[in-house]
Every structure is written in structure tokens, then in C-alpha cells.
Amino acid sequence: MTRIKFAAFPAIYIFVVLAALASAAGCTSEEPSGTVQDTLTDTNAANTASAENVFYYIPSPIEMADLLRRAGAGYDKDLPNAPENVSRYTTTTSQALNLGIYGADLSFAGIMNQTAETMMFMSCANKLADGLHVSAAFSPSLRNRLEANMSSRDSVLNIITNAYWDCDALLHENNQQHASALMIAGGWVEGLYLACRVAEKTNNNEIRIRIAEQRFSLDKLIDLLNSHKNADLQALAADLQELKKEYDKLPAPPETSAKEENGITVIGAEDEVKPVSLNALEFKAIFDKVKVIREKIVSRT
């Protein structure tokens with residue numbers, strides 16, 4: 001299997017696991033238990049297969065949380081979405097978006113060894129996944145495994161990663177590609193929001209570099225959302241376009257090249273890509289846009 005790695009952002013490896021998310025042969029879908037009172041329809045299914053390819057370029061919430069940990073960030077309980085908000089999300093759109101939000105918060109708490117918060121956000125994710133008829137991804141047995149392995153960061157990472165991508169695979173199996181795209185978008189926005197909040201507090205240059213690098217993921221995320229002819233996805237894509245305008249003001253990234261290294265496709269060699277950080281004005285402009293988009297998502301009902 002050919003793997004893809006961005007040497008430009010070593011902390012945001014494009015998971016090989018993403019290659020398996022669409023197939024996830026071991027996953028078992030649940031039959032819908034009720035009628036979803038939403039109007040979401042995907043009228044552009046022909047584009048779905050190609051849209052899935054962009055997943056290779058979007059860091060999962062787990063990757064972003066791990067990035068923050070390795071950059072020296074500490075856990076701040078005031079940063080994630082409030083758990084009590086979960087009961088407000090009653091539509092497919094708000095559930096899918098905030099499943100991504102809580103997925104990022106779950107990753108953030110888990111990687112920072114916050115046992116109580118991790119289990120709390122697992123419950124939030126389970127509630128929303130149940131509403132989307134993919135509760136198998138956050139089953140009670142998985143909760144038990146997570147609780148039993150909280151002392152091992154690697155195990156926590158593995159469990160959360162599998163749950164996240166199992167959930168995505170189940171959404172695809174249930175023909176809810178639009179919900180999958182929303183979940184991916186919610187997770188990306190929350191990951192970027194957390195990174196900005198941490199960078200604001202710590203003035204950590206490493207995190208600012210990673211925030212700048214998200215310009216590549218943003219382009220692919222907008223492509224993904226635009227591949228679905230759905231009003232909610234298009235509206236979110238329009239909001240992200242406003243964020244893209246700020247990223248487009250940044251200096252052009254250095255040219256990269258692709259080459260094979262031991263069966264892995266590497267885009268941009270380490271020695272030819274110079275990380276680019278954000279100055280204060282650039283950071284503020286991006287953070288302001290992210291806050292607006294994130295607030296729209298978490299305040300939905």
C-alpha cells in the first residue's frame with residue numbers, strides 16, 4: 001500500500017489508517033432505529049468517491065491533539081465544548097458537526113491523560129453517534145477498554161483513533177456521506193480552534209507553525225464540502241472560504257516535490273521545506289475567523 005506523508009508537517013502524518021476508513025471491512029452497521037427529521041440529501045453522489053480522497057490530507061482530531069501535546073501544551077478544561085451542550089444537538093447536521101467537535105475534545109482530553117473528561121466526552125460522542133445511527137463506533141465495550149487503558153497514552157490514542165474512523169466508516173455504510181463530511185469538518189475546526197487557543201495562551205511558535213500549515217488541509221476540506229450539493233455543507237464551505245481568505249494572505253508556501261521513500265510517497269523533503277510561522281496580525285486574523293465558525297457550530301441546535 002502506498003502511504004502519503006507530508007514532510008512539511010511531521011506532526012500531522014496523513015494516517016495510513018485513513019486508507020482503510022472507507023473500507024473498514026470489520027465494521028458492522030446498525031439499522032436506523034428511527035426517522036431522522038432532517039432534509040439533508042446528497043444529490044451529488046457521483047462526486048463522493050473522489051471527495052473521499054481529500055481525507056488523506058485532513059488531519060484527524062487525534063493527530064491535532066497529539067500535535068498540541070508534543071508541542072508542550074497543557075490541558076485546559078475551559079477550552080472544549082461544554083458537555084451539557086450535547087442535548088441541544090437534535091438535527092443530523094448539528095449532531096454530525098458536533099460529533100466532530102466532541103471527537104476533537106475527546107482526543108484532547110485523552111492525550112492529556114484527563115480520565116474524567118475523557119469519559120465525559122466519550123459519552124457525548126456516543127450520544128451523538130446514536131442519533132446518527134452509528135452508535136456501534138462508541139459501544140459500551142469500547143468505553144470499558146478506554147477506561148481500563150487510561151494509563152497508557154498509546155492505547156488511548158489507538159482506541160480513540162479506531163472509534164473515530166469506525167464511526168466514519170459506519171456513516172459511509174449507512175449512506176450518510178454528508179454526515180461524514182460534516183463530522184470531519186467539525187473535528188478539523190475544533191482542532192484548529194484548540195490549537196489557536198493554546199497558541200494564544202502560550203505564544204508557542206511550534207503551534208503557530210502548525211496552524212499556518214493548515215492552509216493545505218483547508219483547501220481540501222472546502223473541496224470535500226463543495227462536493228456535496230447540500231445547503232448546510234455549502235454554507236459551511238462558504239464560512240471556511242472566509243477563513244481561506246486570511247490564509248491566502250500568507251506568503252506563498254515553498255515549492256514541494258513528491259518522491260518515493262521505502263514505499264512511502266513523501267511530499268516535500270525535510271531539507272527543502274522551511275516551516276513558516278504566523279506573525280501576530282496573521283495569527284489574530286485567522287483565530288478571529290476560526291472563533292466565528294466554531295461558535296456557529298457549537299451554538300447550532
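In this predicted model, the charged end of Lys291 lies over the ring of Phe287, at 4.5 Å from the ring centre. A comparable arrangement involves Phe283, whose ring has the charged end of Arg208 over it, 4.4 Å from the centre.

**Aromatic contacts**

Searching the whole structure yields six aromatic pairs. One of them joins Phe283 and Phe287 in a tilted geometry, with 5.6 Å from centre to centre and 40° between the ring planes. The two residues are four apart in helix α11 (residues 280-298), so about one helical turn separates Phe283 from Phe287. Phe283 is buried, its relative accessible area being 6%. Phe287 is likewise classed as buried, at 3% relative accessibility. Elsewhere, a single aromatic cluster is formed by Tyr89, Tyr102 and Phe121.

**Salt bridges**

The count of salt bridges comes to 12. Three of these bridges are listed below with the separation of their N and O atoms.

| Salt bridge | N to O distance |
|---|---|
| Asp219 and Lys244 | 2.9 Å |
| Lys245 and Glu242 | 3.0 Å |
| Lys249 and Glu246 | 3.3 Å |

The closest N and O atoms of Asp219 and Lys244 are 2.9 Å apart. This pair links distant parts of the chain, since Asp219 belongs to helix α9 (residues 205-226) and Lys244 to helix α10 (residues 231-248), with their positions 25 residues apart. Asp219 is partly exposed, with 32% relative accessible area.

The bridge between Lys245 and Glu242 has both partners within helix α10, where they are three residues apart, about one turn of the helix. Lys245 is partly exposed at a relative accessible area of 46%, and Glu242 is also counted as partly exposed, at 33% relative accessibility.

How does burial divide between the partners Lys249 and Glu246, whose side chains meet in a salt bridge? Lys249 counts as exposed, with 60% relative accessibility. Glu246, by contrast, counts as buried, at 14% relative accessibility. Apart from this pair, Glu206, Arg210 and Glu213 are joined into one network by salt bridges that share partners.

**Summary of the helix α11 pair**

Phe283 and Phe287 form a tilted aromatic pair. The ring of Phe283 lies under the charged end of Arg208, and that of Phe287 under the charged end of Lys291.

Note on methods
Residues numbered from 1 in each chain as written. Predicted model: local features only at pLDDT ≥ 70, side-chain atom pairs only at ≥ 80, totals over all residues. Heavy atoms only, no water. Phe/Tyr/Trp six-rings, centres within 6.5 Å; stacked < 30°, edge-to-face > 60°. Buried < 20%, exposed > 50% of the residue type's maximum accessible area, 1.4 Å probe, protein only. Lys NZ or Arg CZ within 6 Å of the ring centre and 35° of its normal. Salt bridge = Lys/Arg side-chain N within 4 Å of Asp/Glu carboxyl O.
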